[in-house]
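Me: Please give me a close look at one part of this structure, the helices and how they sit against their surroundings. I am in my first year, so plain steps and connected explanations would help me most.

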Amino acid sequence: MENTALFPALGGFAHGGDYNPEQWLDRPDILREDIRMMKLAGVNCVTLGVFSWSVCEPREGEFHFDWLREVMDSLFENGIYTILATPSGARPAWLDRQYPEAMRVSAQGVRNRHGVRHNHCMTSPKYREKVRIIDRELARRFGRHPGLLMFHVSNELGGACWCDLCAEKFRDYLRDVFHDDIEALNRAWWTTFWSHRYASFDEVEPPYANGEGSVMGLNLEWKRFTTHSMNDFLRFEIGVLRAECPDVPVTTNFMTLYNGLDYRRMAPSVDVVSWDSYPRYENDYESLYETMAENAFHHTVMRSMKRDKPFMLMESAPGLVNWHEFNKVKRPGTHFLACLQAIACGSDTAQYFQWRKGRGSFEQYHGAVVDHLGADDTRIFRETAEVGAALKRLAPAAGTLVKAKAALIFDWDARWAIQDAKALAESTKRYEETCIGIWKEFLRMGVEMDVVASDADLTPYRLAVAPMLYLLQPRTAANLRRFVENGGQLLATYFTGCVDKDALCYLGGFPGDGLAELFGVVSEEIDTLYPADRNAVRCTEPGWGEWEVRDYAETLRVADAEVLGSYASDFYAGTPALTRKAFGAGHAYYMAARCTPAAMRPLFAHMLADAGILPRPLPEGVEFHLREGASGAYAFYLNHGAEPASLSGETGVELLTGLPVSGSFTIPPKHAVVIFRHKTKR
């Protein structure tokens, strides 16, 4: 196993973040001070130019790049590298005034005015022309700069455009999807209902806010088209850069489980997956561990898109943000834990928005390493410097990978279809929460679990959980059958396999597309419970106990599966709720009711044992991850609790202190231990 460090020139991890020197060009003293303090904080990389279009091209065709050259030169001379962004995330005023067709149209069909950001039309030829010009200039002038590490395309791509041009592109997209057969579209979308049949593709409109919104196939395909359109724009920008600099890697920053785009369809376009992390730390509704565990889930979503290389934490807040409902400052130690968590989950970077706070405008109070105070002795600066020092000690781990043997199946299309389905209860569908909750329970058990698509290659895994897999992609059923036949342990839940890729219900019983044979059950009804309703699953396995049921309970017809649990009450008392079927060399489990992941832990432990995966017993509040490389493995233990945590069973060197570990060890509160396990020769 070879290490695949993202940035060999750094000799380890990238530490830094967004830097906006264009806001301070009239203060050369501040620019000099920035470099001094960056070195003091252990910063070795910054991102430049994210929103600098109006400075680089203040008037159409008039380019000002001397300032950028001077900044990059000065940074590189001081050992600080650059990730250079294209400025397409926010347009200059001259462009919108001269070319209003570049501005996005809302779902109400209204053209936006100039302002804010991320509001360009992805298909506008004029906007692409202007982006091509500025991107090409950047690539030609800076693509061979010795301090350049990579290009960063735009910023936090998102949203949709409902302009006439995008509507026509949508129709072209549909012609391709349905092979220019309007009757195929009518069948797939069930348009005879409410007399919504189309006579030609020219009649199809996007789902405008004041138009068609009752055809689930249309709504779903529009979301897919939005991803397609945004990905096309992303590839367009990347193509401009690669024409000039084919060897410079490219990324763009994703945003957690952003609902507007299917990132898995965009990830192949970039060389490295990166994302922006802004949890609500120290909130009043959950423990710090719960917040951090959910953040670890999002890290894993990003990591799982390219399992053969590390990902990047592109943005995080060293202190607070300015756009949460409550903008609370990170408490002492939280920033260190958050950065080490990103590294533990497989990132080769710990980066921030932003280096220095701006004096005015929308983000003047967004957290930064350097406050308006401008000093290097603030708490946040000291904690940032502590991270910088720790990353230097952890440098040998850069390029190592997390190798999970378990997977949680999370599907963007299923998510969209569940949101749109006129079924269940709007307030308790909670697809994302359900998936995250199960993933977090495996994390508590010390089990690393990737997060993958339903049609992803499951060969690397021995265990998979597919919660609420309502929509099945064309290859999903065969993929799951093959996984179980080859020895995999698979768990599916209620609301699985109800519709195909066009949101059409399967006939003959759920789960459809042959999955009823895999699980040995058919769902006859699904009962939606009121918040006050209660039921329970009584398990037949010794020690598994009784699990409280809330929200949803399916009644099952069992064909040839073994019943492991039955309902305790209501008219379906005594009927099956949890089943298992041997299929090939593996087992397919079906859980027909919503129970808490904590209650289901005996089931998870049983599946792990059959899969040959050993849990890692952990004290409450401790998170564990393992990165593996050519010379050995790096065991990360993060203690999110307020008290020291004691563990045992490790032998190696603790990298943050340099001290040997043999057997037991203690993690201080809100701190981390990283143990290098040297690979033994066989």
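Reply: Let's begin with a word we will need throughout: a residue is called buried when its relative accessible area is under 20%, and exposed when that value is over 50%. Please keep in mind that this is a predicted model.

Strand E8, residues 312–316, is a good place to try the word out: five of its five residues are buried, so it counts as mostly covered by that definition. Its partner is strand E7 (residues 274–277), and the two run parallel, joined by four bridges. In this pairing, aspartate 276 stands opposite glutamate 315 of E8.

Now for the helices. Helix H13 spans residues 412–420 and is also mostly covered, with seven of its nine residues buried. Those buried residues are Trp412, Asp413, Ala414, Arg415, Trp416, Ala417 and Ile418. What do they pack against? Their neighbours are four helices: H8 (216–244), H9 (263–266), H10 (288–303) and H14 (431–444). The start of H13 has a polar contact too: a side-chain oxygen of aspartate 411 comes to within 3.0 Å of the backbone nitrogen of aspartate 413.

Two of those neighbours, H8 and H14, lead us onward. Let's follow H8 to its meeting with helix H5. The axes of H5 and H8 come within 8 Å and cross at roughly 35°, and the crossing is right-handed. From H5, the residues in the contact are Tyr127, Arg128, Val131, Arg132, Asp135, Arg136, Ala139 and Arg140. From H8, they are Ser229, Asp232, Phe233, Phe236, Glu237, Val240, Leu241 and Glu244. Sorted by class, this contact has seven nonpolar, one polar and eight charged residues.

One residue of that contact deserves a closer look. Arginine 128 sits in H5, which covers residues 125–142. Is arginine 128 buried or exposed? Its relative accessibility is 15%, and because the cut-off for buried is under 20%, it counts as buried. Leaving aside residues up to four places away in sequence, arginine 128 touches Met122, Thr123, Ser229, Asp232, Phe233 and Phe236. With methionine 122 there is a polar contact as well: the backbone oxygen of methionine 122 lies 2.9 Å from a polar side-chain atom of arginine 128.

Now back to H14, the other neighbour we set aside. Glutamate 433 belongs to this helix. Its relative accessible area is 55%, and because exposed means over 50%, glutamate 433 counts as exposed. Along the chain, glutamate 433 and glutamate 294 are 139 residues apart, while their C-alpha atoms are separated by 9.6 Å.

H14 also meets another helix, H17, which covers residues 601–611. Their axes come within 11 Å and cross at roughly 65°, again in a right-handed crossing. On the H14 side, Ile438, Glu441, Phe442 and Arg444 take part, and they meet Arg601, Phe604 and Leu608 of H17. By class, the residues of this contact divide into four nonpolar, no polar and three charged.

What do these two helices lie on? Here a sheet comes into view. It is an open sheet of nine strands in the order E11-E10-E12-E13-E20-E19-E18-E15-E16, and its pairing is mixed. The edge strands, each pairing on one side only, are E11 (449–452) and E16 (546–549). Neighbouring strands are turned against each other by 20° on average, with direction ignored. As general background, strands of a sheet pair through backbone hydrogen bonds, either parallel or antiparallel. At the E16 edge, four bridges join that strand to E15 (residues 535–539), and the two run antiparallel. In this pair, asparagine 535 has valine 549 of E16 as its bridge partner.

H14 lies across E10 (406–409), E11 and E12 (463–466), running at about 170° to E10. H17 packs on the sheet as well, touching E12, E13 (489–493), E16, E19 (576–583) and E20 (586–591), and its direction makes about 150° with that of E13.

To put the picture together: H14 packs against the buried residues of H13, crosses H17 and lies across strands E10, E11 and E12. If you trace H14 in the viewer, you can visit each of these contacts in turn.

How values were computed
Residues are numbered from 1 along each chain as its sequence is written. This is a predicted model: local features need pLDDT of at least 70, side-chain atom pairs count only at pLDDT 80 or more; totals for chains, interfaces and linings use all residues. Side-chain values use heavy atoms; hydrogens and water are left out. Buried means under 20% relative accessible area, exposed over 50%, partly exposed in between (1.4 Å probe, protein chains only). Contact means heavy atoms within 4.5 Å. A polar contact is a pair of N or O atoms within 3.5 Å; within protein, one must be able to donate a hydrogen and the other to accept it, and residues adjacent in sequence count only if both atoms are side-chain atoms. Axes are lines fitted to C-alpha atoms, for helices over the stretch in contact, and angles run from 0 to 180 degrees between N-to-C directions. A crossing is left-handed if the near helix is turned anticlockwise from the far one by less than a right angle, and right-handed if clockwise. Ala, Val, Leu, Ile, Met, Phe, Trp, Tyr, Cys and Pro count as nonpolar, Asp, Glu, Lys and Arg as charged, and the others, Gly among them, as polar. Two strands pair if DSSP finds at least two bridges between them.
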